[in-house]
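Reader: Please take me closely through one part of this model, beginning with the overall setting and then staying with a single stretch of the chain. I would like the cut-off behind each term as it comes up.

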Amino acid sequence: MKKKFAWIVIAIAAMMLSLVGCGVDINSIGLPSDIVLEKGETQQLEIEYGTDNEVEQEKIAEAASKLTIEWTTSDEEVVTVDASGLITAVGAGEADVTASVKDVNIVSTTHVKVVITPTGIEAPESLELVTNGENTKNLDAKIVPADATEVKLAYQSSDENVATVDENGLVTAVGNGKCIITTCVVADAPATAETATQESAAIVVEDVENAAGDTIAAMPDNLAELDSAFGVTPDALSAVTEVTVTTKVEKIELDKTEGILYVGNSVTVNATVTPDNATNSTVTWTSSDESVATVDESGNITAVAVGNATITVTSEDDSSVSADYELTVQQKKAATTTKNNYTGNTSAGTSTAPSYTAPAQTVTPSAPAAEMPTPAPDPAPAPDPTPAEPSQPSGGDSGSSGGYDIPHDPNGQPGSGIDWTQDNSNGSHDGGCDFNCD
């Protein structure tokens, strides 16, 4: 042990003698105290040599050239250094670089901080939320590059009646409409006493803790002032996301769900959309068979031909939401009339003996037909010229009308074609008119 110590003393003495021999007594070396580098940058460290006496720089340089300097770094993942003292910033963080004179206890250390400056933000251009569906989404905004140092993201909504955003970028729908979510890069470095007194630090991003205990930034009210407060430019280091909030259609109800129509008739079916504040309450109407029934955009259904058809109303907002009206179309029944049983003809103004026809018997007049007086016909109540229409089973107007005409003789006189028949029981004559439909 004593022998080893003796050798160290001898080595130091020899070094000092060599320095003194050059006429220069170097007793210290110095490096910059602190260096800040951007990731990827390099810098050559220059050593300053100290002496006890004032010596010309040329002589100091001559003496320094005879020294052997060894370089080391405390963290090669942050900064590396080569044999000449050239340091390279490798990754964000802090490390110490040390220079030492070989075989002599003369050292100097510099503290190197490697930073990564953000260049932008990645955020979605648009975001869609539904008040009665997926009503929350995270912006998932990211700083570019992702390992940027001493910065964090902050958020602000242009209209909190439409959507809000929290400190983690979670957007929540509030009401129908559109708004803009602005994402900004703000400084995350702790304020010092010096910066706190500067006028530019009048705006402060308040640091608060979220549920996970992480420190986050609350957005300043005026984004335009971020430039003076933190040295960042909002236009360059911000991103905007357009948020659209809607309310979807949940159900469609009809005031009737089935019915029967005669051909040519129509009916209107009314649709109600739920909820009543749905963003798009427009519906479309379709018929499963337009040869049976058609429908317009207002729900007016018209029967075309006998058959069955399904009328469907569908939400324009969501095609999976619909309702059906089942329709049966029938043919309208033909109108019928009842005739009396009188047959025979008489001409107006002419007395003619009628013939008598009765079931199961024939009656022959007792006097010649030429001498038989013309009986005066008993006027019978005229039948209603409008026959009864069949009723419409379900909805709409029957869409038809009918009428009867009394035939005229060639001279245009009404009453031509009046038939007479004999009473079945006593051979008496009843007057009756046979009315023919057009």
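Author: Accessible areas come from the Shrake-Rupley method with a 1.4 Å probe, and for residues only the protein chains shown count as cover. On that basis the accessible surface of the protein comes to about 25900 Å², with carbon and sulfur atoms holding 49% of it. The model is a predicted one, in which local features need pLDDT of at least 70 and side-chain atom pairs pLDDT 80 or more, while totals for chains, interfaces and linings use all residues. Numbering starts from 1 along each chain as its sequence is written, and side-chain values use heavy atoms, without hydrogens or water.

The protein has four helices and 33 strands, taken as DSSP runs numbered from the N terminus (H or I, at least four residues, for helices; E, at least two, for strands). Of its 438 residues, 32% count as buried, a word that stands for under 20% relative accessible area, with exposed meaning over 50% and partly exposed the range in between (1.4 Å probe, protein chains only). Among contacts (heavy atoms within 4.5 Å) with a separation of 6 or more, 62% are between residues 24 or more positions apart.

The stretch I have chosen begins with the loop between strand 13 (142–144) and strand 14. Pro-145 lies in this loop, and the peptide bond that leads to Pro-145 from Val-144 is cis, with omega near -5 degrees. In the same loop, between strand 13 and strand 14, is Ala-148, which is buried because its relative accessible area is 16%. Setting aside neighbours within four places in sequence, Ala-148 is in contact with Ile-116, Thr-117, Pro-118 and Ile-143; its C-alpha atom is separated by 5.2 Å from that of Pro-118, although the two residues are 30 apart along the chain. Glu-150 also belongs to the loop between strand 13 and strand 14, and its phi is near 60 degrees, a positive value in a residue other than glycine. Most residues other than glycine have a negative phi, and most peptide bonds are trans. Glu-150 has a relative accessible area of 38%, so it counts as partly exposed.

Beyond the loop comes strand 14 (residues 151–157), in which Lys-152 lies. Lys-152 has 10% relative accessibility and is therefore buried, and its side chain is joined to that of Asp-188 by a polar contact of 2.9 Å. Such a contact is a pair of N or O atoms within 3.5 Å; within protein, one must be able to donate a hydrogen and the other to accept it, and residues adjacent in sequence count only if both atoms are side-chain atoms.

Further along the chain is strand 16 (residues 170–173), whose covered face has Val-171 and Ala-173, while Leu-170 and Thr-172 are on the uncovered one. In a regular strand the side chains alternate between the two faces of the sheet. Strands pair if DSSP finds at least two bridges between them. Strand 12 (residues 136–138) runs antiparallel to strand 16 and is joined to it by three bridges, with Thr-136 opposite Thr-172. Strand 15 (residues 163–165) is likewise antiparallel to strand 16 and joined to it by three bridges, and here Val-165 stands opposite Val-171. Strand 15 and strand 16 form a hairpin with four residues between the strands, where Gly-169 takes a positive phi near 85 degrees.
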